[in-house]
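These exercises practise reading a structure from its sequence and its atoms. Try each task before reading its solution.

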Amino acid sequence: AIQTRQFSLGEDLVLSDYVGNLGFDEVTDWEYYYPEEDGDGRKVVQPNPFDSNQPKRTRVSSGSVVRIFRGEFVGVQGGLLSSKGQDKR
């Protein structure tokens, strides 16, 4: 079930809608290799795509860092913004 609420902060700011959230992902690309026999270099090998112990790329999510809401200035502050030709949202 979806619940809707109207958030308010102070007298002049009304948060009406939850828009989403922002966070970040840490992505690591893995490279596997066998050392060369002469010890000077290394030979890159492609891991088995079905082996979970040798992923080609891993991603770790930070989760929600910032929640974003849609809001509008009302009352005295909203009137002041409107009189200056600015957007109240």
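**Exercise 1: one exposed residue and its partner**

Task: Is Arg-59 buried or exposed, judged by its relative accessibility?

Solution. Arg-59 has a relative accessibility of 55% and therefore counts as exposed. The cut-offs are under 20% relative accessible area for buried and over 50% for exposed, with partly exposed in between (1.4 Å probe, protein chains only). This is a predicted model, in which local features need pLDDT of at least 70 and side-chain atom pairs count only at pLDDT 80 or more, while totals for chains, interfaces and linings use all residues. Residues are numbered from 1 along each chain as its sequence is written, and side-chain values use heavy atoms, with hydrogens and water left out.

Next, find the partner. Arg-59 forms a salt bridge with Asp-25, with 3.6 Å between the closest N and O atoms. A salt bridge is a side-chain nitrogen of Lys or Arg within 4 Å of a carboxyl oxygen of Asp or Glu. Asp-25 lies in strand S3 (residues 25-29) and Arg-59 in strand S6 (residues 57-61), so the bridge ties together parts that are 34 residues apart in sequence. Helices (H or I, at least four residues) and strands (E, at least two) are DSSP runs, numbered from the N terminus. Asp-25 has a relative accessible area of 39%, so this residue is partly exposed.

**Exercise 2: the chain as a whole**

Task: How many helices and strands does the protein chain have, and in what pattern do they follow along the sequence?

Solution. Count the elements: there are 7 strands and 1 helix. Then read along the sequence, where the pattern is β-β-β-β-β-β-β-α.

Turn to burial: of the 89 residues in the chain, 9% are buried. The accessible surface is about 8,000 Å², and carbon and sulfur atoms account for 49% of that area. Accessible areas come from the Shrake-Rupley method with a 1.4 Å probe; for residues, only the protein chains shown count as cover.

Last, look at contacts (heavy atoms within 4.5 Å). Among contacts between residues at least 6 apart in sequence, 63% join residues at least 24 apart.

**Exercise 3: further salt bridges**

Task: Where in the chain do the partners of Asp-17 and Lys-88 lie?

Solution. Start with the total: the count comes to 4 salt bridges. One of them joins Asp-17 to Arg-70, the closest N and O atoms being 3.4 Å apart. Asp-17 belongs to strand S2 (residues 13-22) and Arg-70 to strand S7 (residues 66-73), 53 residues apart. Asp-17 is partly exposed at 35% relative accessible area, and Arg-70 is partly exposed at 45%.

Another salt bridge joins Lys-88 and Glu-72 at 3.8 Å, N to O. Lys-88 sits in the segment after helix H1 (75-83) and Glu-72 in strand S7, 16 residues apart. Lys-88 counts as partly exposed at 27%, as does Glu-72 at 33%.

**Exercise 4: strands S2 and S7**

Task: Which rings form the aromatic pair, and what is its geometry?

Solution. The count comes to 1 aromatic pair. Tyr-18 and Phe-69 form this pair, with 5.4 Å centre to centre and 65 degrees between the planes, which is edge-to-face. Tyr-18 is in strand S2 and Phe-69 in strand S7, 51 residues apart. The rule: rings of Phe, Tyr and Trp (its six-membered ring) pair if their centres lie within 6.5 Å; planes under 30 degrees apart count as stacked, over 60 as edge-to-face and the rest as tilted.

Now take Val-19, which is also in strand S2. Leaving out residues up to four places away in sequence, Val-19 touches Ile-68, Phe-69 and Arg-70. Val-19 and Ile-68 are 49 residues apart in sequence, and their C-alpha atoms are 5.4 Å apart in space.

**Exercise 5: confidence**

Task: Which strand has the lowest confidence, and which element the highest?

Solution. Use pLDDT, the predictor's confidence in each residue, from 0 to 100. The chain averages a pLDDT of 80, and 85% of the residues score at least 70. Confidence is lowest in strand S1 (residues 7-9), with a mean of 58, and highest in S3, with 90. Where pLDDT is low, the predicted coordinates should not be read in detail.
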